[in-house]
Amino acid sequence: MNKQIILLPGDGVGKEIMESAKLVLNTVASEFGHSFTFHQHAIGGDAIDQSGTPLPEDTIKACKHGDAILLGAVGGEKWDSLPGHMRPEKGLLGIRKELGLFANLRPVKGFTPLLHASPLKEDVIKDSDILIIRELTGGLYFGKPSERRENGNAVVDTLYYHRSEMERIIDKAFQSARLRNKQLTSVDKANVLESSRMWREVVNEKSKDYPDVTVEHLLVDAAAMKLITQPNRFDVIVTENLFGDILSDEASVLTGSLGMLPSASVRSDGVGLYEPVHGSAPDIAGKGIANPLGMILSAALMLRHSFGLEEEASEIEEAVYNSLEQGYHTPDLHIKGGKQVGTKEMTKIVVESLTTKSVSNSICSMYV
Ligand SMILES: NC(=O)c1ccc[n+]([C@@H]2O[C@H](COP(=O)([O-])OP(=O)(O)OC[C@H]3O[C@@H](n4cnc5c(N)ncnc54)[C@H](O)[C@@H]3O)[C@@H](O)[C@H]2O)c1
Ligand SMILES: CC(C)[C@H](C(=O)O)[C@@H](O)C(=O)O
Ligand SMILES: [Mg+2]
């Protein structure tokens with residue numbers, strides 16, 4: 001298979017972990033006889049420094065023509081004082097919107113060896129296998145107006161959703177639930193927000209088309225609590241943009257670290273942008289200790305969702321979990337008796353595991 005992959009390393013640890021993804025993808029290419037060509041472009045702070053804008057035209061053009069996109073992370077203190085529309089984060093929001101990537105899939109699989117200090121019982125964590133589906137191109141992130149008023153003393157952000165935007169993401173969530181354990185939790189704030197009341201209506205209407213899927217509604221505050229106290233009760237969670245952003249970082253504790261979570265931002269035709277859930281991690285950037293696994297697992301999601309390479313994707317996931325089971329980990333994780341390594345070494349271990357195919361594991365879930 002011949003594929004053109006657009007790489008947007010971005011800022012901070014984004015650059016470091018993108019190297020890891022490239023190495024793993026090159027290994028897969030040579031093991032399975034594929035040809036992956038990489039085209040690197042600027043986004044975020046990196047792009048601001050190079051051309052004065054967080055999302056240059058040539059980056060948008062390349063993303064539209066590539067077969068899939070891998071993104072590291074954007075942002076950092078250096079650009080924090082820029083006005084809102086100039087910030088690195090606008091580059092990320094812009095490319096999601098530009099490509100119509102309305103569905104953000106964030107799989108979370110509990111992994112007990114990493115959580116020896118957790119108050120939860122081991123089997124609760126081990127049984128936790130959640131797919132968070134976050135609406136990605138609407139809500140407060142994109143609502144107009146968003147501005148300062150009254151001489152800068154008042155502020156407005158707008159939460160706008162069209163019913164059709166709710167319908168497509170909720171449909172996607174029902175379809176995903178059907179492929180998994182047929183349980184859908186819709187998270188909203190229907191006791192307060194009009195948008196959430198419409199969201200609930202749409203979920204209830206759509207549920208008639210999916211009678212085999214069990215639906216529950218949770219208010220977001222209670223959902224946040226249950227995600228931590230009873231994570232194994234969830235299968236697929238669907239929610240709007242901002243709630244999904246927050247809940248997915250929270251859920252990452254089930255895996256031991258935010259550095260572990262991958263994500264796929266997709267639309268209906270398979271076009272996708274794949275990125276770890278975490279940010280540019282300025283506190284550890286440049287130290288060579290960033291966890292590359294969320295990025296590597298995002299590359300696996302790309303192979304599965306955009307290229308249909310299920311076997312290759314599963315092998316990467318297995319190599320990642322085999323490496324952890326052997327005790328190798330970056331400093332953000334805590335494995336009793338494990339061996340702490342840096343980004344490059346961790347990547348090398350995953351690559352070795354891929355090439356030796358020392359596979360045997362039951363902890364790796366199908367990320368749908
Ligand atoms: N998708 C993205 O590009 C994205 C996502 C979130 C935040 N951001 C941006 O990143 C910048 C920093 O934000 P933040 O500090 O709130 O969030 P962050 O996700 O960058 O970091 C939060 C914490 O998690 C740790 N962490 C994150 N990724 C890690 C990894 N791979 N390995 C080990 N530890 C890791 C960090 O060291 C930090 O302690 C901000 O400018 C923010 O806007 C970007
Ligand atoms: C950087 C920021 C705009 C982004 C978001 O909120 O979507 C990030 O937190 C994420 O989760 O991808
Ligand atoms: Mg986030």
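A helix is a DSSP run of H or I of at least four residues, and Asp245 of this predicted model lies in one such element, helix α9 (residues 241-251).

**Figure 1. Asp245 and the buried residues of helix α9 (residues 241-251) in the predicted model.**
Asp245 is buried, with 20 other C-beta atoms within 10 Å; because the cut-off for a buried residue is 20 or more, this count just meets it. Within α9, the buried residues are Asn241, Phe243, Gly244, Asp245, Leu247, Ser248 and Ala251. The elements against which the buried residues of α9 pack are β4, β5, β8, α8 and β10 (236-239). As background to the view, residues three or four places apart in an α-helix point the same way, because the helix has 3.6 residues a turn.

**Figure 2. Positions of the UniProt feature "binding site" at Asp221, Asp245 and Asp249.**
The record, an unreviewed entry, places this feature at Asp221, Asp245 and Asp249. Asp221 belongs to helix α8 (residues 220-229), while Asp245 belongs to helix α9 (residues 241-251). Asp221 counts as exposed, because 11 C-beta neighbours lie inside 10 Å. Asp245, by contrast, is buried, with 20 other C-beta atoms within 10 Å.

**Figure 3. A further UniProt "binding site" annotation, at Arg96, Arg106, Arg134 and Asp221.**
This annotation also comes from an unreviewed entry, and it covers Arg96, Arg106, Arg134 and Asp221. These residues span 126 residues in sequence and their farthest two C-alpha atoms are 26.9 Å apart, so they do not all gather at one spot.

**Figure 4. Arg106 in strand β4 (residues 103-109) and Arg134 in strand β5 (residues 129-135).**
Arg106 is found in β4 and is buried, with 26 other C-beta atoms within 10 Å. Arg134 lies in β5 and is likewise buried, with 28 other C-beta atoms within 10 Å. Neighbours within four places in sequence being left aside, Arg106 is in contact with Ile132, Arg134, Ser248, Leu261, Ser263 and Val277. With the same exclusion, the contacts of Arg134 are Asn104, Arg106, Thr239, Asn241, Gly244, Asp245 and Ser248. Arg106 and Arg134 are thus in contact with each other, and Ser248 appears among the contacts of both. In a regular strand, side chains alternate between the two faces of the sheet.

**Figure 5. Pairing of strand β8 (residues 183-188) with strand β9 (residues 214-219).**
The two strands run in the parallel sense and are joined over six bridges. One of the bridge pairs links Gln183 to Thr214 in β9. Five of the six residues of β8 are buried, so this strand is largely enclosed by the rest of the structure. Strand β8 is also among the elements against which the buried residues of α9 pack.

**Figure 6. The residues around ligand 2.**
Gly75, Glu89, Leu92, Leu93, Asp245, Val277 and Gly279 form this shell. Helix α4 (residues 88-98) gives the most to the shell, with three residues. By class, three of the shell residues are nonpolar, two are polar and two are charged. Asp245, a member of the shell, is also one of the positions at which UniProt places the feature "binding site".

**Figure 7. The residues around ligand 1.**
The shell has 23 residues, of which Gly75, Gly259, His278, Gly279 and Asn291 come nearest to the ligand. They divide into nine nonpolar, ten polar and four charged residues. Gly75 and Gly279 are found around ligand 2 as well as around ligand 1.

**Figure 8. The contact between domain 1 (1-103 + 258-368) and domain 2 (112-255).**
The centres of the two domains, taken over C-alpha atoms, are separated by 23 Å. Domain 1 brings 20 residues to the contact and domain 2 brings 23 residues. On the side of domain 1 that touches domain 2, α4 and α11 (310-325) each supply at least two residues. The largest share of that side comes from α4, with three residues. Its residues comprise twelve nonpolar, four polar and four charged.

**Figure 9. The surroundings of Lys15 in helix α1 (residues 13-32).**
Lys15 counts as partly exposed, because 17 C-beta neighbours lie inside 10 Å. Residues up to four places away in sequence not being counted, Lys15 touches Pro9 and Gly72. The C-alpha atom of Lys15 is separated by 40 Å from that of Val215, 200 residues apart along the chain.

Technical notes
Residues numbered from 1 in each chain as written. Chains lettered and ligands numbered in written order. Predicted model: local features only at pLDDT ≥ 70, side-chain atom pairs only at ≥ 80, totals over all residues. Near = placed C-beta within 6 Å. Nonpolar A, V, L, I, M, F, W, Y, C, P; charged D, E, K, R; others polar. Buried ≥ 20, exposed ≤ 12 C-beta atoms within 10 Å, placed from the backbone. Contact = placed C-beta atoms within 7 Å. Domains from an automatic or database assignment. UniProt positions renumbered as here; feature names shortened; annotations may be inferred. Pairing = 2+ DSSP bridges.
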